[in-house]
Amino acid sequence: MTQRINLPEKLFDKTPYNIYQDEHFTVTTMQYDTGVAGLKISNNRGYIVILPFQGFMIWDAVFDQLSLKMASAFDKPYLGTQVTDTYGMFQFTSGVLASGTPSETDQHPLHGEYPMTKLDHIYLEFDQDNIIIGGEYEYVKGFGYHYRTHNTVIMHAASALIDIGLKVTNLSNYQTMPLQYLNHLNYCYVNGATMSANVPENALKLRRSIPAHVKPTANWRAFNRELQASGEVIEVLDDGSRFDPEIVYMSTDLRPFVDRAVFKMSLPDGPTCVTAFSTKELPFVTRWLLHNPDQQVAAFAIPGTSHPDGHNAASQAGTLIHLAPGKTQSFTVTTGIGE
C-alpha cells in the first residue's frame, strides 16, 4: 500500500531533520545558509538533494562516493530569479512554455520560465522498494497561459539509478499552449571518460550557430573548423582545453533509430553513467562539453522535445509541441550509475 507524507515549507529549517527512515531510505529536510530549502533522500548506494521550492531541481546526486554533478563556482545553491543565479546543479527543468537559449527574436529568459519556480506542494510517497518525491505547481496569467506541472523523482532501494518525471497539463478551457522541455542533466567532467550510445554516431551533429553567451577564441574557432571538416563526434574526454568555450552536439530525430535511447559515459577505472529515455516522448538529445577553471561539465545526454535553440527555432523546425486544452504530456528519464 502506497502512503503519502505532505511536506510544507515550514519543515525545512537550518537544522537538518530526518522526517522519514526505514531499512532502505532516509529522508532529511534542511536549509542552506543561503535560505534555499533542500530535501536529501538517501539509500545504501548514496543520495540526491532536491531543491523542492526552487524549480524542483536536483542540486546533487552522489552514488558510490562519486558526485555526478558538474563542477562550478557554486558550492551551494543560491536564491534567485533566473537559472544562472545558481548554476551548479546536477539537473533542472528547462521549459515549459519555452526552453533553451533564446535567440535575438525570442522573448523568453534563458531556459524558460520554469527553472527557479517555487512549487506549490511537495510530498513523499513510499512503498517497500521505492520512494517518490513529488511536487505540483499551477501557472496562470491573465490573458496568458494556464497549466499545471507535476514533477517526480523516484529513488529505488539499493540502486544508483533514479527516474525523473514531468507531467504538464494545459488547464485552459480553449487555448492551445506551446510546450518545450529539456531534462537538463549536468554530469561531472572526468578526464578519460568515454561516451557511447545505441544510436548511430552520425545522429549527432556539431552545432554551427554561436549563442550570445559563447565568446569564441581563435583556437576554438580552429577546432570547430576541424570538427566540421571531419564530421568527428567527440566520444573521449582527453583534452579539456578543447572545450573552452563549450562544444555542443545536437541530434537529428532519434525516433527512426530506437524506441528507447540509451546514452552512456564510462569513467576510467570507475562506473558507467547512464541516461535512458523514450524517443517518442523526447526525440532529441544534446551533448554539452565545457571545461575551464570555473566550470567543468560533461553533459553527455540532455534529452529534449527539441534542440536547445529557443522557442522560435523550435517553432520554425516544427518541433514545438502544441498542447491542446485539457491535455497532458508526460516525460520520464532514467539516469545515474548503471547497474
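Q: What do buried, exposed and partly exposed mean here?
A: Buried means under 20% relative accessible area, exposed over 50%, and partly exposed in between, with a 1.4 Å probe and protein chains only. This is a predicted model, in which local features need pLDDT of at least 70, side-chain atom pairs count only at pLDDT 80 or more, and totals for chains, interfaces and linings use all residues. Residues are numbered from 1 along each chain as its sequence is written, and side-chain values use heavy atoms, leaving out hydrogens and water.

Q: Is C188 buried or exposed?
A: C188 is buried, at a relative accessible area of 7%.

Q: How many disulfides does the structure hold?
A: Zero, a disulfide being a pair of cysteine sulfur atoms within 2.5 Å. For C188, the nearest cysteine sulfur is that of C273, 5.4 Å away.

Q: And C273, buried or exposed?
A: C273 is buried, with a relative accessible area of 0%.

Q: Turning to the sheet, what is the strand order?
A: The order is β1-β9-β10-β11-β12-β22-β18-β17-β14, an open sheet of nine strands with antiparallel pairing. Strands (E, at least two residues) are DSSP runs, numbered from the N terminus, and two of them pair if DSSP finds at least two bridges between them.

Q: Which strands stand at the edges?
A: β1 (3–6) and β14 (194–197); each has a single partner strand, so one side of each lacks a neighbour in the sheet. From one strand to the next, the twist averages 15 degrees, where axes are lines fitted to C-alpha atoms and angles run from 0 to 180 degrees between N-to-C directions.

Q: How many bridges join β9 to β10?
A: Six bridges join β9 (residues 121–126) to β10 (residues 130–140), and the two run antiparallel.

Q: Which residue in β10 is the bridge partner of E125?
A: That partner is I132.

Definitions and conventions
Helix = DSSP H or I, 4+ residues; strand = E, 2+ residues; numbered from the N terminus.
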